[in-house]
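Student: I would like to practise reading packing, sheets, rings and burial in a model. Can we take them one at a time?

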Amino acid sequence: MKKVATRYGASAAAVLAGWLCLGLLSACQRNEEHSAELFVFGTIVEVKLWGASGEQASQAFAELQQMFQGMHKNWHAWEPGMLVNINRAFANGQTVEADQDIVDMVRQSQLIEEQTAGRFNPAIGALIGLWGFHTSDYPIIGPPPDQSDIDAILMHHPSSRDIHIDGLQLSSDNPAVELDFGGIAKGYAVDLAIRYLQEHGISNAIVNAGGDLRAIGHHGNRPWRVAVRQPGGGILGAVEVRGDEALFTSGNYERFRQDNEERYPHILDPHTGWPVQDVASVTVITAEGIVADAAATALVVAGLDGWPAVARAMGLDQVLVVDESGKVYLTPAMDQRVEFSTDVEKVLVE
């Protein structure tokens with residue numbers, strides 16, 4: 001299938017529907033494997049099933065397309081939808097009803113924000129918007145925002161822990177809280193897709209959202225084999241995913257603001273309001289996509305000096321960090337997993 005890119009926008013539903021049709025038509029004709037490609041969250045999501053019937057595969061692809069379309073609408077940080085309405089309610093000091101998925105992401109965010117000492121914080125949507133990163137068009141050209149504008153947001157210390165949950169009702173005493181699930185939504189979407197497949201009797205599958213993925217079971221008589229992305233493009237190595245695992249990579253090389261010779265990556269340090277610089281990418285393997293996604297972001301923010309402590313606080317033992325020079329730092333458990341494609345300078349970190 002020919003892959004194309006598109007922008008978020010009014011035609012998102014049509015784009016998704018088109019990808020579903022193409023994916024179904026191109027489902028593998030072999031008895032054992034079926035695949036489809038869906039477009040969501042600004043990336044192509046590839047779903048592969050092994051050992052499912054054609055009827056199972058067709059139903060799964062159709063249901064997942066609907067699920068992803070709903071996520072795109074409800075979880076978007078700047079296009080009209082549920083999350084935008086929630087942020088508006090917080091700014092006005094109002095209580096608002098959310099769906100269960102958003103409530104679950106808020107709860108998980110509060111836990112991870114605490115574990116990471118605030119390095120992961122989805123309540124800094126106002127800062128992300130101030131930097132111009134509420135867009136799908138990259139790179140952004142122009143100077144950074146004024147420090148005074150950054151300080152005006154930081155002085156309120158927006159935090160996901162400022163959000164109060166009562167059933168499906170959300171409220172916040174801090175009007176500076178503005179949710180942006182960019183560091184967690186893809187992971188949770190992959191988890192929900194895998195959950196759906198498991199509940200419908202599919203035990204061998206991979207859901208791959210642009211290199212961020214979760215896999216269950218096997219690919220025939222062997223494990224699923226997936227690539228670890230190299231900062232700036234290409235493949236750093238490969239990993240065999242065992243049983244039920246998620247592999248997510250967060251990096252500062254794809255989305256950024258450019259001002260003359262200065263480059264400002266899109267991942268912000270919630271404590272300073274400025275982009276992080278010394279880590280090019282972080283790859284995490286763990287059980288759930290939502291944790292792997294958020295952890296990868298938090299470890300980028302923690303930097304070369306801080307990531308080991310944050311990984312320990314989150315109970316992570318499979319982490320790979322690439323610095324701006326290309327040097328690789330990784331845990332012993334991760335070193336046992338990765339088959340590097342090229343020679344790399346690596347440092348084992350206990």
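Student: How do α4 and α8 lie to each other?

Tutor: α4 and α8 are roughly parallel to each other; angles under 35 degrees get that label, over 145 count as roughly antiparallel, 65 to 115 as roughly perpendicular and the rest as oblique. Helix α4 (residues 100–115) packs against helix α8 (residues 289–313) at about 10°, and their axes are 10 Å apart. Axes are lines fitted to C-alpha atoms, for helices over the stretch in contact, with angles from 0 to 180 degrees between N-to-C directions. Helices (H or I, at least four residues) and strands (E, at least two) are DSSP runs, numbered from the N terminus. The model is predicted: local features need pLDDT of at least 70, side-chain atom pairs count only at pLDDT 80 or more, and totals for chains, interfaces and linings use all residues. Residues are numbered from 1 along each chain as its sequence is written, and side-chain values use heavy atoms, with hydrogens and water left out.

Student: Which residues of α4 and α8 meet?

Tutor: Contact means heavy atoms within 4.5 Å. From α4 come M105, Q108, I112 and Q115; from α8 come I290, V291, A294 and A313. By class, this contact has six nonpolar, two polar and no charged residues. Ala, Val, Leu, Ile, Met, Phe, Trp, Tyr, Cys and Pro count as nonpolar, Asp, Glu, Lys and Arg as charged, and the others, Gly among them, as polar.

Student: What is the strand order of the nine-strand sheet?

Tutor: Two strands pair if DSSP finds at least two bridges between them. Here the order is β1-β2-β7-β8-β11-β14-β15-β16-β18, in an open sheet with mixed pairing. Its edges are β1 (33–40) and β18 (346–348), each of which pairs on one side only. From one strand to the next, the twist averages 10°.

Student: Which helices pack on that sheet?

Tutor: Helix α7 (residues 185–199) touches β2, β7, β8 and β11 (243–251), and its direction makes about 20° with that of β8. Helix α8 packs on the sheet as well, touching β8, β11, β14, β15 (319–323) and β16 (328–330), at about 130° to the direction of β14.

Student: Is strand β7 mostly covered or mostly open?

Tutor: Burial is judged by relative accessible area: under 20% is buried, over 50% exposed and in between partly exposed (1.4 Å probe, protein chains only). Strand β7 (residues 205–209) is mostly covered, with five of its five residues buried. A205, V207 and A209 point one way, I206 and N208 the other. On one side, five bridges join β7 to the antiparallel strand β2 (residues 43–50), where E46 is the bridge partner of N208. Five more bridges, again antiparallel, join β7 to β8 (residues 212–217). In that pairing, A209 partners D212 and I206 stands opposite A215. The hairpin of β7 and β8 has two residues between the strands, and G210 there takes a positive phi near 65°.

Student: How should I read burial in a helix such as α3?

Tutor: An α-helix has 3.6 residues a turn, so residues three or four places apart point the same way. In helix α3 (residues 82–91), the buried residues are L83, V84, I86, N87, A89 and F90. Their cover includes α2 (54–74), β3 (96–97), α4, β5 (163–166) and β6 (169–172). Just after α3, G93 has a positive phi of about 70°.

Student: How many aromatic pairs are there?

Tutor: A pair of aromatic rings is described by the distance of the centres and the angle of the planes. Rings of Phe, Tyr and Trp (its six-membered ring) pair if their centres lie within 6.5 Å; planes under 30 degrees apart count as stacked, over 60 as edge-to-face and the rest as tilted. The whole structure has five such pairs. One of them, W131 with W274, is edge-to-face, at 5.0 Å centre to centre and 80° between the planes. W131 lies in the loop between α5 (125–130) and β4 (140–141) and W274 in the loop between β13 (262–265) and β14 (279–286), so the pair ties together parts 143 residues apart in sequence. W131 is buried at 0% relative accessible area, while W274 is partly exposed at 27%. Y264 and W274 have ring centres 6.2 Å apart and planes at 55°, so that pair is tilted. Ring pairs link W131, F133, Y264 and W274 into a cluster.
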